[in-house]
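Reader: I would like a close look at one part of this model. Please take a single packing contact between two helices and walk me through it. Set it in the whole chain as you go.

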Amino acid sequence: MSKIAKRSAKAASPKMEPCETVCETVCETVCETVCEPVDSAALESTPTASKKEVFDASFWPGRRLTLSSFNGRKLIHIREYVLLGNKEYPTKKGVCFTPGRLGVLRGKIDLIDAMLMLNANPILKTGEPTYREHLGAGIYASISEEYQGVSLRRYWVPEGQHTIAPTKNGIYLPEKQWTALKLKLDELLATHPGLIDAVECINTHGGNQMETFECHECTPFGWLSDRID
């Protein structure tokens, strides 16, 4: 193939935007979402045999909760969609949960709601970050006094630092969207009750602290500080 032909083929191919952080391998984390381009032509040609949507519900305009089976693994996505033509396509703005991670989030809903109530009271504001809780791998749920809502986001450790920091890989849900999501989560569990019995990774180590410490899902950043800065 000539150089001109190669350049033409490259220009014609759809552009794949990389994730904000490098996706871990399947052996390191049970689930990571495949980066999908926001390109209608590319999405139309993407094979679907290995990915099957078994639950797909909009909880807010442009935002969806989905359960899919990908290569035999169940994945739950909370994701922003964009309209291209007459179809909606997923963007990189969102998070992916295993059933175990979803169980961790469900177990923290009451506390998150309580923190949102406190956050809404200006008398109780201290000027400090309000709340952050680990859900699994590098994913955290957090609340900031600056905004009244819940952030579900991947964190990382910047080079030369010893504390974790948020990436752009995630989704922010204002309080009304958070409430709407909870209703759809109830609907998801009602139609797929097997998710309720999912075992959280922390409960698979039999109390072995060293095994827990070495587990990427439970302790993704090892000895590094997880304090709220």
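Author: Start with the order of elements. From the N terminus, the chain of this predicted model runs α-α-β-β-β-β-α-α-β-β-β-β-α-α. That gives six helices and eight strands.

Now the pair itself. Helix α4 covers residues 109–119, and helix α5 covers residues 175–191. The two pack at an angle of about 160°. Their axes lie 12 Å apart. Angles over 145 degrees count as roughly antiparallel, so α4 is roughly antiparallel to α5. The crossing of α4 and α5 is left-handed.

Which residues make the contact? On the α4 side they are Ile109, Ile112, Asp113 and Leu116. On the α5 side they are Glu175, Trp178, Lys182 and Leu185. By class, the contact of α4 with α5 holds five nonpolar residues and three charged ones. It has no polar residues. Ile109, Ile112 and Leu116 of α4 are in the nonpolar group, as are Trp178 and Leu185 of α5. Asp113 of α4 is charged, and so are Glu175 and Lys182 of α5.

Step back to the whole chain. It has 229 residues, and 41% of them are buried. Among contacts with a separation of 6 or more, 50% join residues 24 or more positions apart. The accessible surface of the chain comes to about 13,200 Å². Carbon and sulfur atoms account for 57% of that surface.

Conventions. Residues numbered from 1 in each chain as written. Predicted model: local features only at pLDDT ≥ 70, side-chain atom pairs only at ≥ 80, totals over all residues. Heavy atoms only, no water. Axes fitted to C-alpha atoms, helices over the stretch in contact; angles between N-to-C directions. Helix = DSSP H or I, 4+ residues; strand = E, 2+ residues; numbered from the N terminus. Parallel < 35°, antiparallel > 145°, perpendicular 65-115°, else oblique. Left-handed = near helix turned anticlockwise from the far one by under 90°. Contact = heavy atoms within 4.5 Å. Buried < 20%, exposed > 50% of the residue type's maximum accessible area, 1.4 Å probe, protein only. Areas by Shrake-Rupley, 256 points an atom, 1.4 Å probe, with all protein chains shown as cover.
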